[in-house]
Amino acid sequence: MLLAFAVFCSLPQIHIRNEGQNLVIDNGKIQITLDQKTGFFSFGWSATERIQGAVAEARIGNSGIHKASEYSEHSIGPGDIHRVRDEFGSGYRVTWRHHSSAQPDLVQMFWVYSNQPEVIERVEIRSSAPTSSNYLAPIGSASSIKITKSGPLQSLFAPWDNDNYFRFRSDGWGEGEGDRDGSYEVGAVYDDTSRNGLIVGSIDHNLWKSAIRFKRDRNGNLSDLHAFAGVTSKYTHDLQEHGSVAGNVVASPRFVFGLYADWRRGLERYGDLNAIVKPPLPSLKNPPFGWNSWSAHKMSVNAADAQAATDFVHDHLPDLRSNGTATINFDAGNGNLTHAQMRAFIDHAHSLGLKAGTYWTPFACWGELDQIRDDAPRTFREIVLKDDKGVPFPKLDGAYPFDVSHPTVLARIDHQLKEIVDMGFDYIKMDFMSHGAMEGKHFDPKIQTGVAAYNLGMQRIVDDLSPKKVGRKIFISLSIAPLFPHGYADSRRISCDVFANIGASEYLLNSTNYGWWPARRLYRFNDADSVCVYQANGETPVSEAEARTRFTASAISGGMMIQSDDLTKSTAKERVQKLFSNREILDLARRAPAFWPVNGTTGSKGGDLFVWHDGGNTYVAAFNFDKQLTKTTTISADRLGTVGHSFKVRDLWTGSSSSSGTVLKMTIPPMDCQLLCLMKS
């Protein structure tokens with residue numbers, strides 16, 4: 001159905017007009033074209049930067065997948081164009097209705113805002129009778145995608161969570177076995193030479209798991225885009241299809257499609273949009289510093305180990321303080337202590353002006369299915385998550401997933417958190433959180449998806465630990481956890497477990513290279529795991545060069561400097577005291593810097609060059625992961641983003657000073673690093 005309307009110009013730089021069978025929305029930075037005859041649409045940023053021939057699609061009940069282009073009518077009436085002024089800015093919402101007599105309507109909604117190079121889109125099924133769907137795609141396919149490039153295109157793969165040592169990739173085209181869904185929640189395609197990049201991602205995380213896949217042809221050019229909600233795979237740990245959402249209206253998450261001059265700023269903009277929808281949890285001013293038991297002791301930690309760490313941090317690491325204190329944290333293995341021993345540990349830490357932390361896995365069941373629970377004369381089988389046939393899912397990471405919607409599981413959360421609060425803990429590390437987001441048949445029929453269950457459980461945790469309820473701030477740190485949904489914790493680990501050796505640091509810096517941007521947006525702090533600088537449990541001691549690399553990697557990856565060596569051993573204490581007395585780097589970490597990657601072409605490897613601009617100073621971190629060869633790195637000021645300046649250079653490890661012009665040259669020994677401060681001359 002084609003309707004003629006007047007040109008809308010009531011908002012600066014946003015024009016809505018008819019061009020033949022097309023409705024065009026143009027804000028000067030992006031143009032949306034909706035073909036009211038065919039049901040196809042396009043997004044354009046310039047003549048050479050476009051998504052063309054796009055079409056929405058959805059699975060409707062049991063009738064299969066339906067494309068908008070298959071419908072007989074594609075209408076936009078004057079009442080379907082609304083001026084909006086909301087948290088995103090001022091703009092327009094346009095509703096596009098696809099109608100056929102034989103099936104529910106498919107409806108697309110587009111939001112365009114003044115001065116923004118992006119469009120937000122959602123697709124809905126609207127039916128007079130209840131229907132359901134477990135797949136909704138704002139873009140099911142596109143016939144042509146073009147962006148300006150001066151080098152080979154990269155495609156970002158972001159894993160759903162940080163379990164199983166999954167890595168980010170810059171070559172994540174979804175072409176491998178099991179990878180065909182693409183990137184999770186957010187994807188990007190970019191030219192790292194010019195930095196030009198297209199960012200696509202979901203900004204609602206209340207019901208759906210989503211994915212974005214860019215495809216390329218044999219010549220390396222973009223050929224298709226698939227952006228959809230309803231993904232499950234090995235990366236989400238699911239063993240059945242995504243849950244179906246039922247109702248008269250079933251809506252996808254809103255997806256954002258934006259083109260940016262620098263893909264790194266584009267990812268930060270994506271994070272900002274998510275923070276507008278759901279802000280990060282109010283938190284501390286600076287990242288916490290302290291000690292954690294896991295790397296040094298793993299499951300064997302005891303009261304004497306914690307006492308030694310508490311006293312050493314207090315007596316010999318005076319610079320390891322943030323927010324006026326340090327936190328001594330038990331990890332897994334905290335059950336080795338009796339109630340009295342744990343109480344004594346907390347009291348001792350508090351008497352020294354330190355804080356005490358503990359560990360818990362609220363969504364993971366470590367008991368056996370037919371084991372009698374400690375809260376009732378019933379088995380765990382009753383409260384674990386089951387499939388559509390009522391069969392419990394197998395263990396993931398050694399534990400069964402709880403059914404978070406079960407009232408007994410929620411009551412257990414309440415009980416355990418009250419005990420943690422009453423004991424006097426100030427910090428809680430929560431692990432294996434992805435168990436709570438698995439798809440299954442939930443006890444509460446209103447909980448239709450794994451993400452809905454996760455939101456339910458996380459909100460219960462936040463409510464139980466609310467400062468208004470408990471009378472103090474308790475820091476919530478997520479370990480193994482999905483990136484989204486967010487807003488329920490102070491920090492989240494950006495990787496799986498990281499220990500002391502050079503391989504561990506390289507793995508961590510893969511996450512830093514592509515996952516720095518959630519800090520201050522989704523979570524107040526990125527957590528780069530505990531900083532073990534001498535010897536992890538079960539491993540050989542590392543060299544001092546490896547230790548510097550591990551220390552520096554945490555300092556630039558969010559700043560949570562949580563030490564984790566065995567502080568009952570003199571050799572470990574000597575190394576720890578030497579490195580953790582570097583006030584200049586600890587001062588830097590205390591500011592929670594979010595270093596940018598200099599290079600976004602590392603494939604699945606860790607980044608080795610990072611930059612952070614802070615006022616008039618520029619910080620550069622460079623790493624050499626090779627175990628035998630010295631590495632020389634030369635980088636231009638232009639590539640660092642510091643055009644037109646010469647610098648005084650200070651090495652934050654050696655304290656030495658030098659000068660640099662428009663090119664910075666660094667020589668780095670095997671497994672070592674440099675952390676430099678560049679000050680304008």
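**Figure 1. The largest pocket in this predicted model holds about 1200 Å³ of space.** Let us start with the open space and the residues around it. The lining of the largest pocket is made of 44 residues, and Asn334, Tyr359, Trp360, Thr361 and Gln416 are the closest to the pocket's centre. Which elements give two or more residues to this lining? They are α4 (339–351), β25 (355–360), β26 and α5. Helix or strand, look for α5 in particular: with eight residues, α5 makes up the largest share of the lining.

**Figure 2. Phenylalanine 380 and phenylalanine 402 form one of the 30 aromatic pairs found in the whole structure.** The centres of these two rings are 6.5 Å apart and their planes meet at 45°, so the pair counts as tilted. Phenylalanine 380 belongs to the loop between β26 (364–365) and β27 (400–401), while phenylalanine 402 belongs to the loop between β27 and α5 (407–423), so the pair ties together parts that are 22 residues apart in sequence. Are these two residues buried or exposed? Both phenylalanine 380 and phenylalanine 402 are buried.

**Figure 3. Phenylalanine 551 and tryptophan 653 make an edge-to-face pair.** Here the ring centres lie 5.4 Å apart and the planes are at 65°, which is why the pair is called edge-to-face. This pair links distant parts of the chain, 102 residues apart: phenylalanine 551 sits in helix α9 (residues 544–556), and tryptophan 653 in the loop between β37 (647–651) and β38 (657–660). Phenylalanine 551 has a relative accessibility of 0%, so this residue counts as buried.

**Figure 4. Ring pairs join five named residues into a cluster: Phe41, Phe43, Trp96, Phe110 and Phe257.** Follow the ring pairs from residue to residue to trace the cluster.

**Figure 5. Two lysines lie over aromatic rings.** The charged end of lysine 209 is found over the ring of tryptophan 160, at 5.5 Å from the ring's centre. In the other example, lysine 298 lies over the face of phenylalanine 499, 4.7 Å from the ring centre.

**Figure 6. Arginine 254 is buried in a loop between two strands.** The loop runs between β21 (245–251) and β22 (255–260). Why does arginine 254 count as buried? Its relative accessibility is 15%, and buried means under 20%. Beyond its neighbours within four places in sequence, arginine 254 has contacts that include Phe88, Trp111, Glu121, Asp204 and Val277.

**Figure 7. Confidence varies along the chain.** The average pLDDT is 96, and 98% of the residues score at least 70. Over residues 4–9, however, the pLDDT is below 50, and this stretch has 17 contacts in the model beyond near neighbours in sequence.

Terms used. Residues are numbered from 1 along each chain as its sequence is written. This is a predicted model: local features need pLDDT of at least 70, side-chain atom pairs count only at pLDDT 80 or more; totals for chains, interfaces and linings use all residues. Side-chain values use heavy atoms; hydrogens and water are left out. Helices (H or I, at least four residues) and strands (E, at least two) are DSSP runs, numbered from the N terminus. Buried means under 20% relative accessible area, exposed over 50%, partly exposed in between (1.4 Å probe, protein chains only). Contact means heavy atoms within 4.5 Å. Rings of Phe, Tyr and Trp (its six-membered ring) pair if their centres lie within 6.5 Å; planes under 30 degrees apart count as stacked, over 60 as edge-to-face and the rest as tilted. A charge sits over a ring if NZ of Lys or CZ of Arg is within 6 Å of the ring centre and within 35 degrees of the ring normal. pLDDT is the predictor's confidence in each residue, from 0 to 100. On a 1 Å grid over the protein atoms alone, a cavity is a set of points where a 1.4 Å probe fits but cannot get out, and a pocket is an open set with protein on both sides within 12 Å along at least five of seven lines; lining residues have an atom within 4 Å of a point. Grid points are joined across faces, edges and corners, and a volume is the space filled by probe spheres set on the points.
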